[in-house]
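Dear colleague,

I am passing on the structure we spoke about, together with some notes on what I found when going through it. Please look at it first and then read on.

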Amino acid sequence: MTTTTTTTTSTPPVTPPVVPPVNKADEEEFYTWTGKARGWLLKKLPPEKLLPQDQPSYVASWIYVFGMGAIAALVVIIVSGIVLSFNGPLWWHQSSLGHFVNSTHLWSVELFFVFMVVHLWGKYWMTAWRGGRILTWITGVVAFAVSIVAGFTGYLLQTNFASQWIAFEGKDALNAAGIGAWFNVANLGQIFMWHIVLLPLAVGVVVALHVVLVRMHGVVSPADATMTDSQLRDAPALDAAAGKGN
Amino acid sequence: MHGLALLAAGSEPGIYLGWGPFVIQLGNFVVIVVMLVLFVLALVLPFTKGKTRK
């Protein structure tokens, strides 16, 4: 008669390997241009980057508020501008509600430029073009430049002596630059079209692109933050590579 | 006449400040000062506490 004995050996508890989250765009095969475009978008701008739930703690500073402040002012500009364009110059000159909406439009523009300039100063002094963010910087510059042209056409649409004076001061410079035919500051109807169609469209598109680029690259850190700062993107991997743990 | 008065309202020369050869309209000067004050305050004022994560 034989007996069998079983021996049990104590094994250490097995910890499951840490699997990094797999991007859906990496595991799916794309073979059409629409699919490839979707793959590219998912890789560059996954939903968790497009609409993040959290931001690094350094974003909790007033200097990081002014970009969104400028966008909020832009929304008020567009809404009040739509109301003005539906009613026309006589309305905003002669009715009290027209005066109010006209003033709302003017003061939201003032706030837009104030917030945009403080945002520019903040980003300039933290060298915000770092870390592959040069296109974000450039789109910000373009948004600022196009907004100035949009503001200029707004002054031309006051339809008062000031706008007439501004138009006739500006026309010679624009004619000398060779664009007077397409941007004729003495032609109220043409400038109205520039102000309510093409320029707002340009500002909107550039600002939208600017925001998408901020989402893609993440909010820039203060200049004195180091790359091993645990608040920064990819910091755990960098810390692990440097043997610092987390 | 009423309409003309309204049209003329935007043609007031405004107040100008001058230091030697440097001249600036009061409104523009105020906007620049406001931007500088906002910038400094944004750097020194503590930020409000946000929501705590559950």
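The notes below begin with the model as a whole, then take chain A and finally chain B.

Please keep in mind throughout that this is a predicted model, and that it scores ipTM 0.77 and pTM 0.78.

Chain A has ten helices and zero strands, so that the pattern read along its sequence is α-α-α-α-α-α-α-α-α-α. Of the 246 residues in chain A, 21% are buried. Among the contacts in chain A with a separation of 6 or more, 63% are between residues 24 or more positions apart.

What holds the place of a core here? The largest nonpolar core has 24 residues, and those with the most contacts inside it are Ala70(A), Ala73(A), Leu74(A), Phe112(A), Phe115(A), Val146(A) and Val203(A). Two or more residues of this core come from each of helix H4 (66-87), helix H6 (96-125), helix H7 (134-156) and helix H9 (188-217) of chain A. As general background, nonpolar side chains tend to be buried together in soluble globular proteins. Phe115(A) gives a concrete view of the core, since leaving aside residues up to four places away in sequence, Phe115(A) touches Phe66(A), Gly69(A), Ala70(A) and Ala73(A).The loop between H6 and H7 of chain A holds two residues that I would like to point out, Arg133(A) and Thr127(A). Is Arg133(A) buried or exposed? Arg133(A) has 20 other C-beta atoms within 10 Å, and a residue counts as buried at 20 or more, so Arg133(A) is buried. Not counting residues up to four places away in sequence, Arg133(A) touches Ala128(A), His217(A) and Val220(A). The C-alpha atom of Arg133(A) is separated by 8.0 Å from that of Val214(A), although the two residues are 81 residues apart along the chain. Thr127(A), by contrast, is partly exposed, with 13 other C-beta atoms within 10 Å, and its phi is near 40 degrees, a positive value in a residue other than glycine.

A second threonine of this kind is Thr159(A), whose phi is positive and near 50 degrees. Thr159(A) is found in the loop between H7 and helix H8 (161-176) of chain A, where it is partly exposed, with 18 other C-beta atoms within 10 Å.

Helix H8 of chain A has 16 residues and reaches 24 Å from its first C-alpha to its last, which is close to the 22 Å expected at 1.5 Å a residue. H8(A) bends by about 30 degrees at Gly170(A), and just after H8(A) another glycine, Gly178(A), takes a positive phi of about 85 degrees.

Helix H2 (residues 33-44) of chain A can be checked in the same manner. The twelve residues of this helix should span 16 Å at 1.5 Å a residue, and its end C-alpha atoms are 16 Å apart, which agrees. Why can H2(A) be said to lie largely in the open? Of the twelve residues of H2(A), the number buried is zero, so the helix lies largely in the open.

Turning to chain B, there are two helices and two strands, and from the N terminus on the elements run α-β-β-α. Buried residues make up 2% of the 54 residues in chain B.

Strand S1 (residues 16-19) and strand S2 (residues 22-25) of chain B run antiparallel and are joined by four bridges. Among the bridge partners, Trp19(B) is matched with Phe22(B) in S2(B), and Tyr16(B) is matched with Gln25(B) in S2(B). The hairpin of S1(B) and S2(B) has two residues between the strands, and Gly20(B) takes a positive phi near 65 degrees there.

How far the details of chain B can be trusted depends on where one looks. The mean pLDDT of chain B is 81, and 69% of its residues reach 70 or more. Which helix of chain B has the lowest confidence, and which the highest? Confidence is lowest in helix H1 (residues 2-8) of chain B, at a mean of 53, and highest in helix H2 (residues 26-44) of chain B, at 96. Where pLDDT is low, the predicted coordinates should not be read in detail.

With kind regards

Technical notes:
Residues numbered from 1 in each chain as written. Chains lettered and ligands numbered in written order. Predicted model: local features only at pLDDT ≥ 70, side-chain atom pairs only at ≥ 80, totals over all residues. Core = buried A, V, L, I, M, F, W, Y, C linked by C-beta atoms within 7 Å. Contact = placed C-beta atoms within 7 Å. pLDDT = per-residue confidence, 0-100. Expected span 1.5 Å × (residues − 1). Pairing = 2+ DSSP bridges. Bend = angle between axes of the 7 residues up to and from the residue.
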